[in-house]
Each structure stands twice: as C-alpha cells, then as structure tokens.
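I opened my notebook to follow how the strands are put together. Here is what I was looking at.

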Amino acid sequence: RELALAIGEEKKLKMEGHTIHFDGYYDQGRDKPHTKYLLSKDVDWGLGVNYIKKGEGLKEIYSFLDGSMIGKEMLVKFFSLGPVNSIFSLKALQITDSAYVAHSEDLLYRQGYKEFKNLNGSPDFFFFLHSAGKLKNGVSADINKRRIYIDLEENKVYSVNNQYAGNSLGLKKLAFRLAINKAQNEGWLAEHMFVMGAHGKKDRVTYFTGAFPSGCGKTSTAMIPGQTIVGDDIAYLKKIGSKVMAVNVESGIFGIIRNVNSEDDPLIYQALTSPRELIFSNVLINDSIPYWLGMGKNIPNKGINYSGEWTEGKKDKQGNKITCSHKNARYTIRLSALENIDPKADDPTGVPIKGVIYGGRDSDTTVPIVESISWEHGVFLGAIVESETTSATIGAEGVRKHNPMANLDFISVPFKTYIKNHLKFKNDLKEIPKIYAVNYFLKDEKGNYLTGKTYNKLWLLWAEGRVNGDYEAIETPIGRIPKYEDLKEIAKRELKIDYTEEEYIKVFSLRVAKYLEKMERMIKIFGNIDMPVAFNKELRAQTERLREARTKFGEDIISPVQFLER
C-alpha cells in the first residue's frame with residue numbers, strides 16, 4: 001500500500017484508509033479476445049475455446065515481457081487460495097511490478113509464505129507472472145500488446161501490458177481456470193459460487209452455495225439481510241466424511257460498485273463509507289471523496305475519473321459520452337469489514353453444504369424458485385442457465401445468453417467432462433445437497449417486475465426450510481415448487497408482509513409454451529456437444545413432461561393449483 005502511494009498507482013482519499021486507483025481508459029474490463037490458453041495440441045472441448053499453440057504463445061508473450069520491468073521494483077508474493085492449513089487450499093505465487101496488484105491481493109487473499117515453506121521444494125503451486133509494462137501517465141501504454149496467457153499444463157499464467165484487476169491479479173479468475181482444471185482431475189469442484197449461511201428457525205444456520213451470471217442477483221442473494229456471508233465469488237467443494245464441504249477461496253471482495261447504495265445494499269454501503277483499508281477503482285473523485293453511478297447521492301459535475309479531468313458531458317475520441325464513474329468501477333475490501341461475515345468464514349474444515357442455487361435472468365419463463373427432482377436433474381438445471389440482457393425499452397425481450405453453471409468463460413476442460421464430474425459428484429455421499437434454480441426477473445405484460453429484492457429472502461428461506469424437512473412441495477414438470485401456505489407463513493414471519501394467493505399464482509404458474517421454447521434452444525445447443533447419457537436423459541425427460549402437461553391441461557399457462565389438485 002505504501003509503495004503504491006509512493007509511486008502514484010494509488011492516491012489517498014479523505015477518509016482514513018481509503019485509496020483510489022485508475023486503470024487506463026481502454027483497460028476497464030477482462031480482455032476476453034487476448035485471454036488465451038497455451039495448449040500443445042488442438043482441442044475440442046465442445047465449447048468455444050480461445051487458445052494459441054503453446055510454443056507460439058510463449059514466444060510472443062516472452063517478447064512482450066522482456067524488459068517490461070526496467071526501472072521498476074519487482075514484487076514476489078506468496079498466497080493461500082482458501083484458508084491456511086486446510087486440505088482445500090492451493091498455493092499461489094505472484095510476481096508483479098505493480099504495487100496496486102500486490103496491495104489488492106493482500107486485501108483479497110490469505111498470506112501463504114508459511115504454506116510455501118511446507119512444500120519442501122514441491123512444484124505443486126500456481127505461478128503468476130505479471131507486468132503492467134511501459135507506463136505513460138501512470139497507466140499501461142502498450143495496450144495493443146496486452147496479453148493474458150494461461151498454461152494449464154504447467155499451472156502458470158503470464159499477463160502483460162494491463163492493470164485492470166481481472167487481467168492483472170493472477171489469483172482472481174485466472175487462478176480459477178487453473179483450479180477448475182485441477183479439480184476435474186482430482187474429483188472435486190471449483191465453482192463460480194458464493195457461500196452463505198441461511199438463518200432459519202430457532203437459530204438454525206444452513207449453508208448454501210450459489211452460481212449466477214453477472215447481473216442476475218448473485219451479490220444481492222449472498223447479502224440478503226439477516227443472513228451471513230462466507231464468500232461472494234469462488235468456492236472449492238470437496239466430499240469429506242460423506243458430506244459436501246466448501247470454503248471461500250478468497251478473504252475479500254473485488255466488487256462492482258455501480259448501484260451500491262444505502263437502500264439496496266446497506267451492509268456494503270456502510271463498509272464503503274467508513275474508515276478502513278480499501279481501494280476504489282475507476283470512480284469519480286471530487287475533493288478527495290469518491291462518487292459512483294447509482295450511489296443514491298447527488299454527483300458533482302466535475303472531478304477526476306478514469307478519463308482524467310472530467311466534466312459533465314465529456315466525450316471520448318469516438319464521440320461516446322464518458323460517465324462520471326465507469327459502469328465496471330470496483331471496490332476492493334476485506335470480507336472482515338462486513339458486519340454480516342459468517343463466524344466460519346476462515347474455518348479450514350469448510351462449511352457443510354445442504355443446498356446449491358443456480359440463478360438466471362429471464363422476463364417471461366422461469367418461476368422464482370424450483371427444486372430439482374434429483375441430483376441429476378439439478379445438474380441439468382445448472383447447465384441450462386440463461387441470462388437475458390437488459391433493454392432500454394420497457395417490456396422488450398432481451399438477448400438470451402446461455403451460461404452453464406454461470407461458468408462459461410472459465411471452464412478449462414471438455415464440457416462433457418465438466419458435466420460428467422458434476423453428475424458423479426454425488427457418489428458416496430450420505431447427505432446429497434438439494435439443488436434449486438431461481439429467477440428474480442419475471443415481468444408482467446407492461447414490463448413491470450413481479451417480485452422485488454425483498455422477495456429474494458422469501459425464496460431463500462423456503463429452500464432453507466426444504467433442506468431441513470420443514471415444508472412439502474408441489475410436483476410439476478420442471479421440478480418442485482413451494483406451496484402457497486408456506487410462503488405466506490414465511491412472508492408474514494420474516495418480511496412482515498401479507499403475501500397474496502394472487503401474487504403466488506401469477507409467478508408460479510407454469511408457462512409451458514415458454515419452457516418448451518427454452519428446451520428447443522437447449523436441444524439445439526447440446527445437440528452439437530457430446531454430452532453424458534444421464535444429461536441427455538434429463539433433457540428428454542423434462543421436455544416430455546412439459547408436453548404431457550400441455551396435453552393434459554390443454555393450456556399454455558398452468559396454475560400451480562392445478563398441479564396440487566391432480
């Protein structure tokens with residue numbers, strides 16, 4: 001931190017412990033086109049894979065790295081991915097010339113020097129080499145030579161000519177790709193999941209993991225009032241003593257700050273507006289005070305931001321309006337700064353997982369929550385996750401993007417292998433977690449959302465009750481859905497609201513025609529991939545159940561009451 005301040009990579013803000021870092025104007029997100037795997041031979045993983053032949057890629061990136069640290073100080077950092085002294089944890093070595101990168105990782109990860117000493121010369125660790133490259137006005141100058149290359153064969157990542165944390169922090173999503181590959185070979189799971197404690201009746205705490213594509217409610221679920229958080233982004237899951245146990249890989253949050261405000265995210269907002277060590281990146285600074293989009297306060301019409309000196313209405317070279325704070329602006333903070341951190345967040349034995357949640361985003365199909373019929377059906381529900389892009393036109397349908405397990409960008413093995421390992425993960429378990437699919441974004445005919453953020457707690461606590469045997473469920477072609485009486489009771493007890501049967505029927509009615517359209521999309525996608533037999537069986541079975549329901553009831557929209565009566 002002190003080095004970052006001394007060389008200008010960060011600057012102090014008015015509040016004690018707060019600093020600001022700016023990435024370059026064209027270095028504001030993960031560089032997908034130039035993030036490639038280094039592979040010795042051609043691959044067919046069943047998904048689009050961005051890769052380069054290893055010899056060619058190494059020659060190129062070595063030429064960019066050569067001399068890249070001249071005149072700068074090289075930093076060598078040792079970390080533990082996961083709690084220290086844990087069978088879950090992986091060791092990670094970061095070499096960088098960016099004090100900002102090293103400072104960020106100090107906030108986000110556990111120190112691991114002692115873990116490395118215990119290796120006794122073993123090469124069983126992840127290695128990351130990063131250089132911001134030549135700097136101009138404090139930011140990477142050669143962005144046309146920005147490269148992030150991932151060597152799965154040697155567990156190494158090379159990154160050059162960038163500063164944005166998603167490209168430069170090796171331990172973030174770059175290490176995640178290495179971990180997924182390692183997990184598939186060793187019989188455990190590395191997943192794009194939060195880990196949280198759901199607090200049910202009589203002080204009962206039940207742990208869930210959850211995977212959601214960006215913009216689908218992952219953080220808002222992990223931060224539901226009254227619950228506790230173990231981690232918000234990446235989890236390692238292992239079978240220990242016939243149970244599924246999980247740890248948070250990280251000990252901090254690198255979070256999108258847009259729309260974080262005192263009303264929607266009170267706990268995060270409180271942490272961001274009180275003295276503590278944290279880094280803001282790419283927000284607006286005026287009088288040494290940070291401002292960001294959607295913070296719920298009046299924004300000054302001038303200041304310093306990711307484009308330099310900024311005034312309202314400023315445009316870039318392409319004529320695009322420059323917002324006060326970048327839409328992907330971030331905050332980096334320790335999890336311990338949050339009041340709702342779970343007491344077991346650093347437990348080296350992990351926490352027992354009783355439920356898995358997959359979240360997507362669509363306006364016209366998926367019910368707010370459904371429980372899978374079986375573990376295999378649950379894996380299927382995770383694999384068919386879609387997210388719908390938002391639209392400026394109210395009620396207009398967005399573009400649906402398929403994102404299996406919310407992990408599409410990071411899967412580093414053949415997709416068939418990835419799904420097969422999920423399917424067999426239940427083997428030898430005495431306590432098999434229940435799997436849920438959620439959707440918070442159903443709209444009515446006028447384009448209005450049918451449920452608000454407060455209802456997320458309703459769905460979560462129903463799932464918490466289900467895994468503990470408190471509630472029965474209604475069997476439908478897509479899985480098990482809540483009974484109205486149970487949701488009414490939870491809503492009264494926990495939300496202090498009267499949940500009406502009219503609301504219930506509107507959101508839990510089965511939109512058969514829309515579900516069948518989705519099945520057709522999935523048949524088309526998976527028809528081009530060699531998938532496990534068990535997965536194809538689930539796809540066929542759900543499609544057939546939907547067709548039978550439409551034939552039986554003669555309707556494209558079926559009330560949940562009708563399934564209850566049959």
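Before I start, one term: I call two strands paired if DSSP finds at least two bridges between them. The model is a predicted one.

**Entry 1: around strand 18.** I began with strand 18 and its partners. Strand 18 and strand 26 (residues 351-360) are joined by two bridges and run antiparallel. I looked up Ala246 and found that Val351 is its bridge partner in strand 26. Then I turned to strand 17 (residues 235-240), which pairs with strand 18 over six bridges, again in the antiparallel sense. Here Ala246 of strand 18 is the bridge partner of Leu237. The hairpin of these strands has two residues between them, and Gly241 in this hairpin takes a positive phi near 60 degrees. Is strand 18 mostly covered or not? I checked residues 243-248, and five of the six are buried, where buried means under 20% relative accessible area.

**Entry 2: the sheet of five strands.** Next I traced an open sheet whose order is 1-2-20-25-19, with mixed pairing. Strand 1 (11-12) and strand 19 (252-256) each have a single partner strand, so they stand at the edges with one side left without a neighbour in the sheet. I followed strand 19 to strand 25 (residues 330-334): the two run antiparallel and share five bridges. One of the pairs I noted is Gly252 with Arg334 of strand 25.

**Entry 3: the sheet of eight strands.** What order do the eight strands of the other open sheet take? I read 4-3-11-12-8-6-5-7, and the pairing is mixed. At the edges I found strand 4 (51-53) and strand 7 (110-111), each pairing on one side only. Inside that order, strand 11 (residues 147-151) and strand 12 (residues 156-160) run antiparallel, with five bridges joining them. Tyr149 has Tyr158 of strand 12 as its bridge partner. Helix 2 (residues 54-65) packs on this sheet and touches strand 3 (35-39), strand 4, strand 8 (126-131), strand 11 and strand 12. I noted about 45 degrees between the direction of helix 2 and that of strand 12.

**Entry 4: helix 3.** Last, I asked myself which strands helix 3 (residues 99-108) lies across. Strand 2 (18-21), strand 19, strand 20 (278-281) and strand 25 are among them, and helix 3 runs at about 50 degrees to strand 25. Helix 3 also lies across strand 5 (75-81), strand 6 (90-96), strand 7 and strand 8. Its angle to strand 5 is about 25 degrees.

How values were computed:
Residues are numbered from 1 along each chain as its sequence is written. This is a predicted model: local features need pLDDT of at least 70, side-chain atom pairs count only at pLDDT 80 or more; totals for chains, interfaces and linings use all residues. Side-chain values use heavy atoms; hydrogens and water are left out. Helices (H or I, at least four residues) and strands (E, at least two) are DSSP runs, numbered from the N terminus. Contact means heavy atoms within 4.5 Å. Axes are lines fitted to C-alpha atoms, for helices over the stretch in contact, and angles run from 0 to 180 degrees between N-to-C directions. Buried means under 20% relative accessible area, exposed over 50%, partly exposed in between (1.4 Å probe, protein chains only).
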